[in-house]
Amino acid sequence: FITASRATPSHTLLSTTTPRVMTSQIESLDIEALNDKLSRAHPSDILAWALEHFPRGLAQTSAFNVDDMLITDILYKMHKSHVPVIFLETFHHFSETLSLVANARSAYDLDLVTYAAPDAKDRVTFGARYGEKLWETDVAEFHRVTKIEPLARALDDLETVAWITGRRRDQSEIRASMPVLEVGKDGRLKINPLAYWTREKSWERSEE
């Protein structure tokens, strides 16, 4: 599948509304039992489970790294699904990343939705609104306006019930005990199909 080097235009939706999440669908699940079962499952099987249980209201968040692209490849090629893929435009991505986004969109015919900070349409307007070096002066605020707030809007606009991430347990100590399924404070289900995976496995899969 398509990846950036191992060494190192989509539609944008804007909304400020927060529709009520349909939590009954999540509450009916035995999360503990499912986590025990899915901890031994291959990522493709976990994604198949997600597609079966959430034919509507399912989305993937992607930074278009090797792990996220593995998930997209399984969803679009193996399972023939067109799950919306959420990309957060920070206006500080490397040009190689943006080229990969464009290539992946074309190759997979992605249902790609791009979100960005409010009142920003490029790096110039972002700097004018939030400060030219916000990532240096206030990292927490930069993270909030470029990732947290846009992601919340995206999940609301798409009426997302469950969303897929590329997070892995081996990425940090904080994620060392991360389960496959997590219920967020907003009632949505976060699905981590690569929780027990490794980056090396993702690269091996990409080179097949």
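A charge sits over a ring if NZ of Lys or CZ of Arg is within 6 Å of the ring centre and within 35 degrees of the ring normal. Lys 201 and Trp 197 form such an arrangement in this predicted model. The charged end of Lys 201 is placed over the ring of Trp 197, at 5.1 Å from its centre. Arg 129 is placed likewise over the face of Tyr 130, and here the distance to the ring centre is 4.6 Å.

Confidence was examined next. The chain has a mean pLDDT of 88. A pLDDT of 70 or more is reached by 89% of its residues. Among the elements, strand S2 (residues 58-61) has the highest mean, 98. Strand S1 (residues 11-12) has the lowest, 41. The pLDDT stays below 50 over residues 3-21. This stretch nevertheless has 36 contacts in the model beyond near neighbours in sequence.

Aromatic contacts were then searched across the whole structure. Seven aromatic pairs were found. One of them joins Trp 49 and Phe 54, whose ring centres lie 6.0 Å apart. Their planes meet at 70 degrees, so the pair is edge-to-face, the class for angles over 60 degrees. Both partners are buried: Trp 49 has a relative accessibility of 9%, and Phe 54 has one of 2%. The pair of Phe 64 and Phe 87 has a centre distance of 5.6 Å. Its planes stand at 80 degrees, so this pair too is edge-to-face. Phe 64 belongs to the loop between S2 and H4, whereas Phe 87 belongs to strand S3 (residues 85-89). The contact therefore ties together parts that are 23 residues apart in sequence. Phe 64 is buried at 3% relative accessibility. Phe 87 is also buried, with a relative accessible area of 3%. A further group of rings forms one aromatic cluster, made up of Phe 91, Phe 126, Tyr 130, Trp 135 and Phe 142. Tyr 130 of this cluster is the residue whose ring face lies under Arg 129.

Charged pairs were considered separately. Side chains of opposite charge can pair when their charged atoms come close. The structure holds 11 salt bridges. Arg 188 and Asp 186 form one of them, with their closest N and O atoms 2.7 Å apart. Arg 188 is buried, at 5% relative accessible area. Asp 186 is partly exposed, at 36%. Another salt bridge joins Arg 40 to Asp 36, with a closest N to O distance of 3.7 Å. Arg 40 is exposed, with 63% relative accessibility. Asp 36 is partly exposed, with 46%.

A salt bridge also links Arg 199 and Asp 67, and the closest N and O atoms are 3.5 Å apart. Arg 199 lies in helix H9 (residues 199-206), and Asp 67 lies in helix H4 (residues 66-78). The pair therefore ties together parts that are 132 residues apart in sequence. Arg 199 is partly exposed, at 33% relative accessibility. Asp 67 is buried, with a relative accessible area of 1%. These two residues also belong to a network of salt bridges, together with Arg 168 and Asp 170.

Helix H2 (residues 31-38) shows a division between its faces. Its buried residues are Ile 31, Leu 34, Asn 35 and Leu 38. Viewed down the axis of H2, they fall within an arc of 100 degrees, so they line one face of the helix. The face turned away from this buried side carries the exposed residues Glu 32 and Lys 37. The buried residues of H2 pack against helix H3 (43-53). They also pack against strand S6 (181-183) and strand S7 (189-191).

Ala 195 was examined as a single site. This residue is found in the loop between S7 and H9. Ala 195 counts as buried because its relative accessibility is 2%, under the 20% cut-off. Its C-alpha lies 5.2 Å from that of Arg 169, although the two residues are 26 apart in sequence. Leaving out residues up to four places away in sequence, Ala 195 touches Arg 167, Arg 168 and Arg 169. Ala 195 also touches Met 178, Pro 179 and Val 180. Arg 168, one of these contacts, is a member of the salt-bridge network that includes Asp 67 and Arg 199.

Methods: Residues are numbered from 1 along each chain as its sequence is written. Side-chain values use heavy atoms; hydrogens and water are left out. A salt bridge is a side-chain nitrogen of Lys or Arg within 4 Å of a carboxyl oxygen of Asp or Glu. Buried means under 20% relative accessible area, exposed over 50%, partly exposed in between (1.4 Å probe, protein chains only). Helices (H or I, at least four residues) and strands (E, at least two) are DSSP runs, numbered from the N terminus. The arc is that of the directions from the helix axis to the C-beta atoms. Contact means heavy atoms within 4.5 Å. pLDDT is the predictor's confidence in each residue, from 0 to 100. Rings of Phe, Tyr and Trp (its six-membered ring) pair if their centres lie within 6.5 Å; planes under 30 degrees apart count as stacked, over 60 as edge-to-face and the rest as tilted.
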